[in-house]
Amino acid sequence: MGERDAGQAASNHYQNVACPFCGILCDDLEIGPDKNGLKVLKNGCVKSVSGFERHLIDAKPQIDGKDVSIEDAIKAAAELIKASNLPLYGGLGTDVEGMRAVMSLADLSGGVVDHALSEGQYRNFRVLQSGGWVMTTLTEARNRADLFVIVGSDVHAIHPRFFERIVCTEKSMFWDAPPKRTVVILGENIDQSAITGPRIGEIVNLPCKGDRIGEILVAMRALAKGVPVTGDSIGGLPRAAVEDLVARCKAASYGVMVWAPPSLAFPNADLTVQAVSEFIKDINLTSRFAGLSLGGNEGAVSAAAVCAWQSGFPLRVSFASGKPEYDAERFSTARLLADKATDLMVWIASYTPDLAPPVTDTPIIVLGTPGLKLNGTPKIFIPVGTPGADHAGLIVRCDNVVSLPLQNLHRSQLPRAADVLASIEAAL
Ligand code: SF4
């Protein structure tokens, strides 16, 4: 089982490796062998080192905690899915091929698909669906922006090399001596340690609560249009600081507002994304400005992209009626489990051991990376490889404009989730 790159020994050094452990998919890593598996030799970060260098425990397929053959585990999984009234395909930490296999199985078995990190993604989807937005890409931002506004997001914690690769780069495609950049931090408790180097001109701190950023952006929109805004304080910031930010945005030749949806973890955060997006649209009437949404860890962007290509909807889709039915509230993992609307969860987590399934008494089939943190013994556990470490793959970047190939680094012989899912489908 498993489609593998031929002819590469485990002792190889791998160049230009794309890293699947966060959504920005740096593609410049150098990785070599180590006695326990792999060693990140160049251009790593704390996340990529823990992802690639993690020592895989020896995991076997299991039914009720007892080791079985993979054939028996697949057969038992197929029987459970066949007997289920509404299987929920959750987690979805996989790559494009894995997600294609999920969609096919969900279609055949009349199930629901939803990613573990959908809640964050929906802060964006709701805005994209209702009003649209003006967005840029990592490459555009790296080469053109002179102003970055970091919106309430601890970007460095979620994407440890974002500032190094996109903001602090000394070179640009368009200037021999690129101008310095201003970075505005709108929010509190945001790690700024990586915002450094000759390219950085000014760092402006505007500490405010995350759930007041929407209010600030709405006021900025009014100020930018010349509409009177009263009060000395706006969203907890001095009025003068907000006016100064509006002036900086208007004066920028290419401004970018950056956010990572998982950081906006407060009620109705989609309204904050909407306020950011509407401000950006207004500023574009007179200058150039765009949004840049990060996030997309654990294969979340790939899952949403494949689901949208194949069903027309961005996750939270049910095939129970025989055709794709979309409901962002009713078909969320949390809602389906809380309402006991699903009687079986198939959980896929092939990147990191942290993508644990939610605590539930619903029976679970897990296709997971060895060492996945589990809250109990799943009905069935099938160890699968990590795309980009244990097998080749394809993954969509957080800015949605490119799919990057992932190399097979031959870390293990674990099967692809895509192949296990296809075998389960064949046994249905
Ligand atoms: S920043 Fe993200 S993609 Fe880049 S090396 Fe670190 S974990 Fe990998």
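**Exercise 1. Describe the contact between domain 1 and domain 2, beginning with the area that is buried there.**

Solution. In this predicted model, domain 1 and domain 2 bury about 650 Å² between them, and 46% of that area lies on carbon and sulfur atoms. The size of an interface is often given as the accessible area lost when the parts come together. On the side of domain 1, Leu117, Pro314 and Arg316 supply 45% of the area that this domain buries against domain 2, which is more than any other three residues supply.

The next step is to locate the two parts along the chain: the domain assignment gives domain 1 as 57-117 + 298-386 + 415-427, and domain 2 as 121-295. Their C-alpha centres lie 35 Å apart, and the contact takes ten residues from domain 1 and five residues from domain 2.

The last step concerns charged side chains, for which the count between the two domains is one salt bridge. The side chains of Glu329 and Arg126 meet in a salt bridge, with 2.9 Å from N to O.

**Exercise 2. Decide whether strand β13 is enclosed or open, and find which strands pair with β13.**

Solution. Begin with burial, for which the cut-off is under 20% relative accessible area. Five of the five residues of β13, residues 255-259, are buried, so the strand is largely enclosed by the rest of the structure.

Then consider the directions of the side chains. In a regular strand the side chains alternate between the two faces of the sheet. In β13, Gly255, Met257 and Trp259 point one way, while Val256 and Val258 point the other way, and all of them are buried.

Now turn to the partners of the strand. Strand β8 (residues 147-151) runs parallel to β13 and is joined to it by four bridges, with Val258 as the bridge partner of Ile150. Strand β14 (residues 289-293) also pairs with β13 in the parallel sense, over five bridges, and here Val258 stands opposite Leu292. Between β13 and β14 the chain passes through helix α10 (residues 269-283), and this β-α-β crossover is right-handed.

**Exercise 3. Determine whether Thr272 is buried or exposed, and name residues with which Thr272 is in contact.**

Solution. First place the residue: Thr272 belongs to helix α10. Its relative accessibility is 5%, and because buried means under 20%, Thr272 counts as buried. Finally, when its neighbours within four places in sequence are left aside, Thr272 is in contact with Ile213, Gly214 and Phe266.

Methods: Residues numbered from 1 in each chain as written. Predicted model: local features only at pLDDT ≥ 70, side-chain atom pairs only at ≥ 80, totals over all residues. Heavy atoms only, no water. Buried < 20%, exposed > 50% of the residue type's maximum accessible area, 1.4 Å probe, protein only. Helix = DSSP H or I, 4+ residues; strand = E, 2+ residues; numbered from the N terminus. Pairing = 2+ DSSP bridges. Right-handed = clockwise from strand over helix to strand, strands pointing away. Domains from an automatic or database assignment. Contact = heavy atoms within 4.5 Å. Buried area = accessible area lost by both parts, 1.4 Å probe. Salt bridge = Lys/Arg side-chain N within 4 Å of Asp/Glu carboxyl O.
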